[in-house]
Amino acid sequence: MWKPDRQSKQPLFQQIADDLERRISYGEFPPGSLLPSERKLAEQLGVNRSTVIMAFAELRSLGIIESQIGSGTRVSKYKWGVTPKHTPNWHRYAEGGSFLPNVPFLRRIREALGQRPSLIDFASGELAANLSPIDEITTLMNENQYTAYLGYDNPQGYVPLRQTLVSYLRQYRGIQTTESSILITSGSQQSLYLITQCLLSPGDAVAIEDPSYCYSLPMFQSAGLQLFRLPVDCKGIRPDDIRSLYKKHRIKMVFINPNFQNPTGTVLDSERRIQLLNVASELGLPIVEDDPFSLTAYDGTPPLPLKSMDPIGSILYIGSFSKIAASGLRIGWMIAPHSVVERLADARQQMDFGLSVFPQQVAGQFLKSPFFDPHLERLRMQLLFKRDVLIEALQRELPGLVEFTVPQGGLHLWCKLVPEIHDGKLLEEAIRRGVVFVPGSVYGSDSGFVRFTFARPDTEEIVSGISKFAEALRSIIN
Ligand SMILES: Cc1ncc(COP(=O)(O)O)c(C=O)c1O
């Protein structure tokens, strides 16, 4: 008799549901016939009854079987009977398409947070609600008119926001640009997506930092790209590594996050920046500079972007509203040569006709308002305070068991755990105790690294979260 394969990646309940569906369609169980009971089937297949219950629920949701209290589970008459009504097999469809599913650890974290909103969240890479300028934005929304036009807007982005960004980029990032070189996107994430989908082709080789936020994005694999690693040390990536990768693999593009890198918090060294620009111009190689964190520099002097020192146009620059104000508005921007902006705006037209006008109006108003500077100042102070609370808690709870470099900006602390540990086990123990974090392997590192985001939990949660994390770690070491 058929038995589910315990080594398979497909869950047991799904294998059982598929097998029953096959047996029903081959006529082993005709329409209206009674299926074996959950208990009997569980015995036959050597699984828990709860697994069979899940398999039945799956078939019930597809309309293949029906259960009635007291009279067991039967094959649906309508499904396979005279009436040719067939529910599509949604599972098969859901496995189709070109998007790969998210990294399993990230799906597990999202599931845990969904089931237990009280979990202390060191995993979500975003600001706490009280670090976002909610009152300021509410005031601006009350003071300004937002509904001049409600038709489709330019897919390149709302012109007044692009004009505001021209001044913002000059003043805060030292970048000279024009509104025709700016594309507004739904966060930096969409800029990365558009670049991988529209400027690169399946099979192209690209270089990304190691570790890197990009490893957490199956987007690169979904686009069929070959990924090569640029190890990050305390001064960022080494430009010579790009030259070697180019020689060996003819890499087509380099993705870096040079300011307060996610996850390590590293800032690319100023000499290496110059070398990197030289390598890029020597090889005619585009560099994607992903720069969401720079304005969080705790001392108020953000590192200048590569884009501000890029005379020949090697840099595609990506910015975002998410880490400095509000991730939920989904506002990001890309600065690129006009031909590239046009191509990407044309793709936006096909995808979604561009971003909704409202968040673009709100973000533009805020960036040019007198609220922006004081907000940034408060954000930097609060992040610095939270960083210190986290570091103190780690030193108190886990002396000698964690190593880290103290970041000077950004939302994350990257820690190496001194004993060898298994990422998955630690995450499960931590979730059991009420805290989540992101295992370092999500970012491409070996087991034994952890990323703590300190921008999201409040200071009390940081303290109790680290004490729960320490218990989880000790339970594995001992
Ligand atoms: C380095 C980096 N780039 C891009 C993103 C995407 O952010 P968003 O789409 O919200 O701008 C993130 C989010 O965590 C990030 O850390």
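The following exchange explains several terms as they apply to this predicted model.

Author: In this predicted model, local features need pLDDT of at least 70 and side-chain atom pairs count only at pLDDT 80 or more, while totals for chains, interfaces and linings use all residues. Residues are numbered from 1 along each chain as its sequence is written, and side-chain values use heavy atoms, with hydrogens and water left out.

Reader: Why are α11 and α12 called roughly parallel?

Author: Helix α11 (residues 239-249) and helix α12 (residues 270-283) pack at an angle of about 20 degrees, their axes being 8 Å apart. Angles under 35 degrees count as roughly parallel, over 145 as roughly antiparallel, 65 to 115 as roughly perpendicular and the rest as oblique. The two helices are therefore roughly parallel to each other.

Reader: Which residues of α11 meet α12?

Author: P239, I242, R243 and Y246 of α11 meet residues of α12, including L276 and V279; contact means heavy atoms within 4.5 Å. The residues of this contact divide into six nonpolar, one polar and three charged. Ala, Val, Leu, Ile, Met, Phe, Trp, Tyr, Cys and Pro count as nonpolar, Asp, Glu, Lys and Arg as charged, and the others, Gly among them, as polar.

Reader: What makes strand β5 mostly covered?

Author: Six of the six residues of β5 (residues 205-210) are buried, that is, under 20% relative accessible area, whereas exposed means over 50% and partly exposed lies in between (1.4 Å probe, protein chains only).

Reader: How do you know that β5 and β6 pair?

Author: Pairing requires that DSSP find at least two bridges between two strands. β5 and strand β6 (residues 226-231) have six bridges, in the parallel sense, and so satisfy this definition.

Technical notes
Axes fitted to C-alpha atoms, helices over the stretch in contact; angles between N-to-C directions. Helix = DSSP H or I, 4+ residues; strand = E, 2+ residues; numbered from the N terminus.
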